[in-house]
Amino acid sequence: ILSRRKWKLYAHDQHIVVVKGTREKFTHPLMKALVWALYMPEYPNISIEIRIGDKYKPDVVAFEDDAELRGSSPIFWGEAGQVGSDKIKSIARRYRDTHFAIAKWNTNLHHFSLHLEELLDGIKRNAPFDLISFPENTVDCIDDDGNIHISFDDVTWIRYE
C-alpha cells in the first residue's frame, strides 16, 4: 500500500489521502499520516496539509470544531521531519495555547530535546510541546488495507508541559 505516490489511509473511522512528492523522502508523508492517526483521539477534526493563513504551513493541524480555518489559532500543530529553528521559535511564541508536536524518524531525541529546550527558553507556553521518534518498524503499524494502528506505546516521546 505504501509503494505508490498516493496513499489512502484510515484511522479511527476516518481517512486521509497522502501524496508523496517526487523529491520527498518516503518517511516525510508517512510521518504526517502517523501524527494524524496518533493525535486523532484527542483532536477528532485533525487534518494534514492545510494552509491556515500563516507564514508557515503545518504538516498536521487541528482547530476547535467551530473555528474558522483562517484567522483563528489552531489547537494542535504537528511537524514531520526537519523543522527550522526560526519556524519553531516563531510558532511557539505566537501560538502559546497551541499543542505542538515535532516528529522524527528513527532518531535519538536526546540531542534534539536539548536544542528544543534552548529554542523554547524564555517563551511562556500554555500548551504541551511533544517530541516524537517513530522507530524503523513503525511501518508495521499500517496494515495491507491502509489502516493505521498506532499509539504512544509504539513510539519514543517526550512531552514538555
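**Salt bridges and a positive patch**

Arg94 and Asp54 pair up through their side chains in a salt bridge, with N and O 2.6 Å apart. That contact connects distant parts of the chain: Arg94 sits in helix 2, whereas Asp54 belongs to the loop between strand 3 (47-48) and strand 4 (60-62), and 40 residues separate the two. Asp54 counts as buried, since its relative accessibility is 15% and the cut-off for buried is under 20%. Arg94, on the other hand, is partly exposed at 41%. The model is a predicted one, and searching the whole structure turns up 6 salt bridges.

Another of these pairs is Asp130 with Arg159, whose closest N and O atoms are 2.7 Å apart. Asp130 is part of strand 7 (residues 129-134) and Arg159 is part of strand 8 (residues 156-160), so this salt bridge ties together parts that lie 29 residues apart in sequence. Here Asp130 is buried, with 0% relative accessibility, while Arg159 is partly exposed, with a relative accessible area of 30%. Elsewhere, salt bridges with shared partners bring Glu24, Lys32, Glu49 and Lys57 into one network.

Lys87 and Glu79 make a salt bridge too, with 2.9 Å between the closest N and O atoms. In this case both residues are buried.

Turning to the surface, Lys89, Arg93, Arg96 and Lys124 gather in a patch of positive charge. Lys89, one of its members, is found in helix 2, which covers residues 85-94. Its relative accessible area is 34%, so Lys89 is partly exposed.

Conventions. Residues numbered from 1 in each chain as written. Predicted model: local features only at pLDDT ≥ 70, side-chain atom pairs only at ≥ 80, totals over all residues. Heavy atoms only, no water. Patch = residues over 30% accessible without salt bridge, like charges linked within 9 Å, V, L, I, M, F, W, Y side chains within 5 Å. Areas by Shrake-Rupley, 256 points an atom, 1.4 Å probe, with all protein chains shown as cover. Salt bridge = Lys/Arg side-chain N within 4 Å of Asp/Glu carboxyl O. Lys, Arg positive; Asp, Glu negative; His and termini not counted. Charge placed at Lys NZ, Arg CZ, Asp CG, Glu CD. Helix = DSSP H or I, 4+ residues; strand = E, 2+ residues; numbered from the N terminus. Buried < 20%, exposed > 50% of the residue type's maximum accessible area, 1.4 Å probe, protein only.
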